[in-house]
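Grab a pencil and open the structure viewer. Below are a few exercises, each followed by a worked solution you can check step by step.

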Amino acid sequence: MKKHKYQWLLSGLIILVAFAIGTAIYNTQSPQSTSNVSTTTIKSRYLTWKKAYLKGSGQQRYVKTNTGSRAQTLSEAQGYGMLITVMAAKQGFGNQKSFDQLTRYYLSHRINTNNPLMSWRQNQKNSRMISTKAEQTSATDGDLDIAYALILADEMWGSKGNLKYNQLADQLLSAIKEYEINPTTNLPRVGNWATASKSENLVRTSDLMTAYFRKFASYTKDGSWTKVAQNSQKALKELSDQHKTGLMADFVTIKGKQLKLGSVKANQVASQYDAQYGFNACRIPWRVAYDYQLNHSQTSKGIAQKMCDFFASKKKITAVYTLNGKAVENYTNIAFTAPVAYAAQVLSDQKLKHNYTKDLTAEIPTNNYYPATIQMMMLLTSGSIGQNK
């Protein structure tokens with residue numbers, strides 16, 4: 001009996017140690033390097049971005065994504081706007097009022113009263129922002145950013161006001177888990193609509209937000225998010241290993257419990273760049289380096305470093321690459337440059353920091369939503385390096 005008693009005691013200790021290690025991994029928030037991006041610069045760029053892109057009035061505001069007189073916005077943009085606003089507040093120059101206005105817009109454009117996922121697009125009709133029936137489906141990246149922003153808001157301001165950020169986050173995470181996580185692969189679908197045989201295994205590689213899934217696990221105490229984090233990191237590592245460049249396509253297919261990787265063709269999902277390192281995948285250095293910044297993941301560090309080594313070998317970073325590293329376009333775009341510049345801050349990559357910090361801190365463009373907003377996100381995330389979160 002004593003032998004069994006001690007075996008149970010030993011097993012209990014092992015479980016407690018494993019739990020403690022897991023908790024430490026998910027709650028680690030210390031930085032990996034010191035940013036050379038000044039708070040003064042970040043604040044100045046934030047005020048420019050806010051004036052150019054944050055639209056609406058009264059109780060609701062949104063991020064305008066087009067240049068026409070009739071406004072358009074996306075759930076992706078709303079997620080970015082909420083993240084930018086709460087991160088700016090954490091650094092002393094954003095405010096809760098703006099965040100609440102963005103949150104109310106999200107609440108007004110959920111798919112329906114029973115489904116808190118956000119409709120993926122709205123267009124201005126007279127004075128109202130409207131989604132057509134076809135637009136009342138979701139894009140997973142937008143929902144993930146909105147959920148993460150709500151968690152940051154709860155940590156920043158609490159949930160005692162009219163908007164209960166914690167409840168909204170829990171409701172949204174439950175819907176993401178139900179509608180946007182593939183139950184076989186435990187990886188994010190591209191949207192709640194992607195359930196047919198041709199779409200159910202599609203993965204937007206930039207949706208493999210390991211840091212977010214770790215946070216969702218610790219915030220909700222729901223261990224299923226840990227599996228999503230683990231499988232996301234496994235997929236990223238295998239995708240990274242496929243090419244010497246470490247580059248990944250905008251979209252791939254990943255099937256089954258063994259996470260069998262497959263490819264897509266141009267224009268199969270969203271654009272001619274679907275099978276290349278395009279305007280979706282350009283966010284991967286940000287997403288992976290963020291996991292290293294927050295959680296010390298050596299796997300994420302290796303993935304980010306491999307991509308940075310590729311970009312360090314180039315005279316300049318241009319828009320869109322083949323996975324073997326051939327430049328597809330000859331123009332530059334800050335949506336490609338800024339995530340690499342941020343990753344260089346996190347990894348203390350001196351060559352890339354020297355070459356691209358000036359691009360990261362440049363004036364924010366006021367007529368090009370996507371690169372401007374990615375740049376703003378990267379500035380704020382760079383500014384969080386060295387801060388306690």
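Two strands count as paired if DSSP finds at least two bridges between them. Keep in mind that this is a predicted model.

**Exercise 1. Find out how strand β9 and β10 pair, then work out the sheet they belong to.**

Solution.
- Step 1: Start with β9, which covers residues 251–255; three bridges link β9 to β10, and the pairing is antiparallel.
- Step 2: Look for a facing pair. Thr253 sits opposite Gly262 in β10.
- Step 3: Now write down the strand order. The open sheet has three strands, β8-β9-β10, paired antiparallel.
- Step 4: Spot the edges. These are β8 (202–204) and β10 (260–262), each of which pairs on one side only.
- Step 5: Check the twist. On average, neighbouring strands of this sheet are turned by 40° against each other, direction ignored.

As a reminder, strands of a sheet pair through backbone hydrogen bonds, either parallel or antiparallel.

**Exercise 2. In the open sheet β3-β6-β7, explain why one side of β3 and of β7 is left without a neighbour.**

Solution.
- Step 1: Take the order of the three strands, β3-β6-β7, and note that the pairing is antiparallel.
- Step 2: β3 and β7 are at the edges and have a single partner strand each, so one side of each has no neighbour in the sheet.
- Step 3: Here the average turn between neighbouring strands is 30°, direction ignored.
- Step 4: Zoom in on β6 (residues 121–125), which pairs with β7 over three bridges in the antiparallel sense. Gln124 has Met129 in β7 as its bridge partner.

**Exercise 3. Describe the hairpin of β1 and β2.**

Solution.
- Step 1: Get the direction and the bridges: β1 and β2 run antiparallel and are joined by four bridges.
- Step 2: Find a facing pair, such as Ser57, which stands opposite Gln60 in β2.
- Step 3: Look at the link. Two residues lie between the strands, and Gly58 takes a positive phi near 65°.

**Exercise 4. Which residues of α4 and α6 make the contact between these helices?**

Solution.
- Step 1: Set the geometry. Helix α6 (residues 165–180) packs against α4 at an angle of about 35°, and the axes are 13 Å apart. The crossing is left-handed.
- Step 2: List the residues. From α4 come Gln96, Phe99, Asp100, Thr103, Tyr106 and Leu107, while α6 brings Tyr165, Leu168 and Leu172.
- Step 3: Sort them by class: the contact has six nonpolar, two polar and one charged residues.

**Exercise 5. Describe the largest pocket, then do likewise for the second largest.**

Solution.
- Step 1: The largest pocket holds about 820 Å³ of space. Its lining has 35 residues, and Leu74, Glu76, Trp120, Ala270 and Asn280 lie nearest the centre.
- Step 2: Two or more lining residues come from each of α2 (39–53), β3 (72–74), α3 (75–90) and α13 (369–383).
- Step 3: Classing that lining gives 15 nonpolar, twelve polar and eight charged residues.
- Step 4: For the second largest pocket, the space is about 310 Å³. It is lined by 18 residues, with Gln60, Tyr105, His109, Arg128 and Met129 nearest its centre.
- Step 5: At least two of its lining residues come from each of β1 (54–57), β2 (60–63), α4 (96–108), β4 (110–112) and β7 (128–130).
- Step 6: By class, the lining of the second largest pocket has five nonpolar, ten polar and three charged residues.

Conventions: Residues numbered from 1 in each chain as written. Predicted model: local features only at pLDDT ≥ 70, side-chain atom pairs only at ≥ 80, totals over all residues. Heavy atoms only, no water. 1 Å grid on protein atoms, 1.4 Å probe; cavity = no way out; pocket = protein on both sides within 12 Å on 5 of 7 lines; lining within 4 Å. Points joined across faces, edges and corners; volume = space filled by probe spheres on them. Nonpolar A, V, L, I, M, F, W, Y, C, P; charged D, E, K, R; others polar. Axes fitted to C-alpha atoms, helices over the stretch in contact; angles between N-to-C directions. Left-handed = near helix turned anticlockwise from the far one by under 90°. Contact = heavy atoms within 4.5 Å.
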